[in-house]
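Here is a friendly tour of one model, from single residues to cores and empty spaces. Please keep the sequence and the structure at hand as you read.

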Amino acid sequence: MTRAALALIFYLPESLWPYLPFLGTAVFTGVGIPLPAGLWLVWGLLATLRAAGWAGLGYFLREALVIFTAISCGSFLRRQARAGRQPLGMGFFSLILLPMVVLGLFQAAAGPLAPPSWLDPQQRRVVPFRITGTLDNPNLFGMVLSFIFPLLLAAIERTERGMGRRRLFYIFACLLHAAALLFTFSRTAWLAAVTALLVFQGREWKPLLLRLAILFFFVFLVFPPLRARLFPPGGLWQDSTVAYRWQIWETSWELFKANPLGTGSGGFRRAFSQRRFPALHAHNQLLHIGVEQGIPGVLLFCCVAYLGLSGPVKTTGQRGARAALCGQLAAGLTETPWADPLLLFLFWCGWAYLREAADG
C-alpha cells in the first residue's frame, strides 16, 4: 500500500486522496509531529484564520494533510532502515520515476512541446522543446528530477562494488535522469541539481567542482539550445521570464511589507487576483512564505531548514536526503517548490527522515 501510494503521489500530484493511506501508517506506527513542524502548522492555521477566516481554511487543510503524511512517510522509512528492513530504499524512487523519464525522452524526440510562455521569444527558434514527463510544467519536472538525483547517487554508492546488476541499473537510471534533466531546459532545476551534487560530495567538493566546470563548459557551449538557455541572446536580464519574475518579486515584497503577519494559506493567490498580471506563486520560496505566513513564518521556515540540515549524517542515505533538501532550497531562489503538493511532500518527507535519524 505504501509503494502504491508513493507512485500515485508522483503521477497524480494534484489529487489529495493518494495521501490518505499514509494516515494509516501514522496511526499504526505511532508517528508524532516534531516540534518545529508542529509550530509551523499551528502558525499557518492562526495566520490563515486571522487574515481570511474560515474562507481560507481549505488551503491550510490541504497543506497540512500533505505535510503530515510526508512526515509520517519519512519517519516510517527511517525506522524501517534502522530496523534493518528497507522495503523502500533510495533506489525505489528511481523506479517510480522511470516511466516518467522515459516518456520525457520520447517527448524530446517528438518535440516541439513548449508553449510560447515557457520561453523568451528570442530563444524559441533555438530551443526546440521542453519536456514535462507526465507533469504539466518543465520546471516542476526538473525540480522533481533534481530532488531524486542525489538519492540515485546514494543508491549507487550503497550497492556492491564492481559492476553488479543492481549497480549497473542505478547507473543507467542516473544517466537517464541526467538526460531528462537537461532536456527540461529548466535553469532552476539545473541550479538545484548542481547544488545537490556539491552537497552530496561533501568536503571533497573541490575536484568535483573543477570537473563540473569543465563538463558544463563543454556541454553548454557545444549545444546551442543549452547555451541559449544559460546565456540568453541579449543577456539574462533581457530574458522575458526573468523580467516576469522580477515583476512578481517586487509586488510580493510590497505585499510582505503591507502584511507583516501574513495573508494566510492561499493568500498569495487571493492578493494577486486583484493585480494586473496573474501569478500563482511568488517564484521565490522565502518571498512566498513571507507573503502568506509573514515574519513569524519566515523565521519558522529558517528554523525548520536549519534543524533539518544541520544534524550529522551517518549514512549514505542520509547524505543523499540532505543533498536533495539543499537542492530544493536552491531551487527556491527562483521558484516556489512548496506551491506544488508533490514537492511539498518530498521536502517534508526528507526532512522527517533526517530528523528521525538525528533523534536516534
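## Two residues with positive phi

F185 is buried, because its relative accessible area is 3%; buried here means under 20% relative accessible area, exposed over 50% and partly exposed in between, with a 1.4 Å probe and protein chains only. The residue F185 sits in the loop that runs between α7 and α8. Helices are DSSP runs of H or I with at least four residues, numbered from the N terminus. The phi of F185 is positive, about 50°, although F185 is not a glycine. Most residues other than glycine have a negative phi.

H283 also has a positive phi, about 55°, and is not a glycine. Its loop lies between α12 (267–272) and α13 (285–309). With a relative accessible area of 11%, H283 is buried.

A word on the source: this is a predicted model, in which local features need pLDDT of at least 70 and side-chain atom pairs count only at pLDDT 80 or more, while totals for chains, interfaces and linings use all residues. Residues are numbered from 1 along each chain as its sequence is written, and side-chain values use heavy atoms, with hydrogens and water left out.

## Two residues inside helices

S94 belongs to helix α5 (residues 90–110), and S94 counts as buried because its relative accessibility is 0%. Which residues does S94 contact, leaving aside its neighbours within four places in sequence? They are I148, L152, F169, Y170 and H177, where contact means heavy atoms within 4.5 Å. S94 and L145 are 51 residues apart in sequence, with their C-alpha atoms 9.3 Å apart in space.

T251 is found in helix α11 (residues 240–258) and counts as buried at 13% relative accessibility. A polar atom of the T251 side chain lies 3.1 Å from the backbone oxygen of Q247.

## The nonpolar cores

The largest nonpolar core has 94 residues, of which F10, W40, V144, F345 and W348 touch the most other members. Helix α6 (residues 138–158) provides the largest share of this core, 14 residues. A nonpolar core is a set of buried Ala, Val, Leu, Ile, Met, Phe, Trp, Tyr and Cys residues joined through side-chain atoms within 4.5 Å.

Not counting residues up to four places away in sequence, F10 touches F93, I96, L97, M100, L135, V144, I148, L342 and L346. A second, separate core of 11 residues includes W249, F256, F272 and L287.

## A pocket and a cavity

The second largest pocket has a volume of about 460 Å³. Among its 16 lining residues, A178, L197, L212, L215 and F216 are the closest to its centre. α7 (165–183), α8 (187–201) and α9 (205–222) each supply at least two lining residues, and the largest share, 7 residues, comes from α9. On a 1 Å grid over the protein atoms alone, a pocket is an open set of points with protein on both sides within 12 Å along at least five of seven lines, a cavity is a set where a 1.4 Å probe fits but cannot get out, and lining residues have an atom within 4 Å of a point.

How many cavities of 30 Å³ or more does the structure hold? There are 4, and the largest has a volume of about 60 Å³. Of the 11 residues lining this largest cavity, G308, G311, P312, V313 and L354 are the closest to its centre. α13 gives the most to this lining, with 3 residues. Volumes are the space filled by probe spheres set on grid points, which are joined across faces, edges and corners.

How values were computed: Polar contact = N/O pair within 3.5 Å; in protein donor to acceptor, adjacent residues only side chain to side chain.
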